[in-house]
Amino acid sequence: MSVQPLRKEQARNPRTVEEARAFVAHVESLFMPWNIDALVAGFTDDCVVRFGTVPELRGRAALREFFTARSARQKNYRLDKQFRALMGEVIANVWSGEWDDADTGARMRGFGAETWVMRDGKSAVWEAAFNVARADQAGGVAEMLR
């Protein structure tokens, strides 16, 4: 698979809401199908990733392993990212996704929120919180508290 640049080569962060919205949309497109090379290229060499309960990841090599493992597990991945805010060097978005679990075949769904701290047009810090459940089961706070 050829590497698709994260966006037109610019060594600067998105400066306007329109640029940030376009950046989020482009990142979304790299997940369907998984374009791991382009995803990893969109991060700084010294990136820090805090993704839910996954132990903190540092650097592109660790990020590549993470994306490779996810892409093997999340078959037929469909993602919708929605831009929420731009404040200085920080972009916030929410996402929802669906996929088939490669191990169980179960249809899964997830929802989360992310912040990206940008540096020189790339993500330096990616922080994500999310919820995941089987798509065929109702879930919510009430069920979680039982």
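Which element gives the most to the lining of the second largest cavity? In this predicted model, the answer is β3, with three residues. The cavity and the other empty spaces are described below, after the sheet and the nonpolar core.

The fold contains an open sheet of six strands with mixed pairing, and the strand order is β2-β1-β6-β5-β4-β3. Its edge strands are β2 (57–58) and β3, each of which pairs on one side only. In general, the strands of a sheet pair through backbone hydrogen bonds, in either a parallel or an antiparallel sense. For β4 and β5 the pairing is antiparallel and extends over eleven bridges. W99 stands opposite M108 of β5.

The largest nonpolar core comprises 31 residues. Within this core, F31, L63, F67, I91, W116 and W126 have the most contacts. At least two core residues come from each of α1 (17–29), α2 (36–41), β1 (43–51), α3, β3, β4, β5 (107–119) and β6. The contacts of W126 were examined further, leaving aside residues up to four places away in sequence. On that basis W126 touches F43, V48, V49, R50, F51, L63, F66, F67, R70, E114, T115 and W116. Two of these partners, L63 and F67, are also among the core residues with the most contacts, as is W116.

Rolling a probe the size of a water molecule over the atoms shows where empty space is left. The largest pocket holds about 320 Å³ of space. Its lining consists of 14 residues, and those nearest the pocket centre are F51, R70, R73, Q74 and W99. Four elements, α3 (60–73), β3 (74–87), β4 (90–101) and β6 (122–134), each supply at least two residues of this lining. The greatest contribution to the pocket lining is that of α3, with four residues. By class, ten of the lining residues are nonpolar, one is polar and three are charged.

Two cavities of 30 Å³ or more were counted. The largest cavity has about 120 Å³ of space and is lined by 13 residues. Nearest its centre lie V27, L39, F43, W116 and S123. The elements giving two or more residues to the lining of this cavity are α1, β5 and β6. Nine of the residues lining the largest cavity are nonpolar, two are polar and two are charged.

The second largest cavity contains about 50 Å³ of space. Its lining is formed by F31, F51, R70, Y77, L79, K81, W95, E114 and W126. Six of these residues are nonpolar, none is polar and three are charged. F51 and R70 line this cavity and also lie among the residues nearest the centre of the largest pocket. W126, another residue of the cavity lining, touches F51, R70 and E114.

Three backbone features were also noted. Most residues other than glycine have a negative phi, and most peptide bonds are trans. The peptide bond from M32 to P33 is cis, with omega near -5 degrees, and P33 is placed in the loop between α1 and α2. N76, although not a glycine, has a positive phi of about 55 degrees; this residue is in strand β3. D120 likewise is not a glycine and has a positive phi of about 55 degrees, but its place is in the loop between β5 and β6.

Terms used. Residues numbered from 1 in each chain as written. Predicted model: local features only at pLDDT ≥ 70, side-chain atom pairs only at ≥ 80, totals over all residues. Heavy atoms only, no water. 1 Å grid on protein atoms, 1.4 Å probe; cavity = no way out; pocket = protein on both sides within 12 Å on 5 of 7 lines; lining within 4 Å. Points joined across faces, edges and corners; volume = space filled by probe spheres on them. Nonpolar A, V, L, I, M, F, W, Y, C, P; charged D, E, K, R; others polar. Core = buried A, V, L, I, M, F, W, Y, C linked by side-chain atoms within 4.5 Å. Buried < 20%, exposed > 50% of the residue type's maximum accessible area, 1.4 Å probe, protein only. Contact = heavy atoms within 4.5 Å. Pairing = 2+ DSSP bridges.
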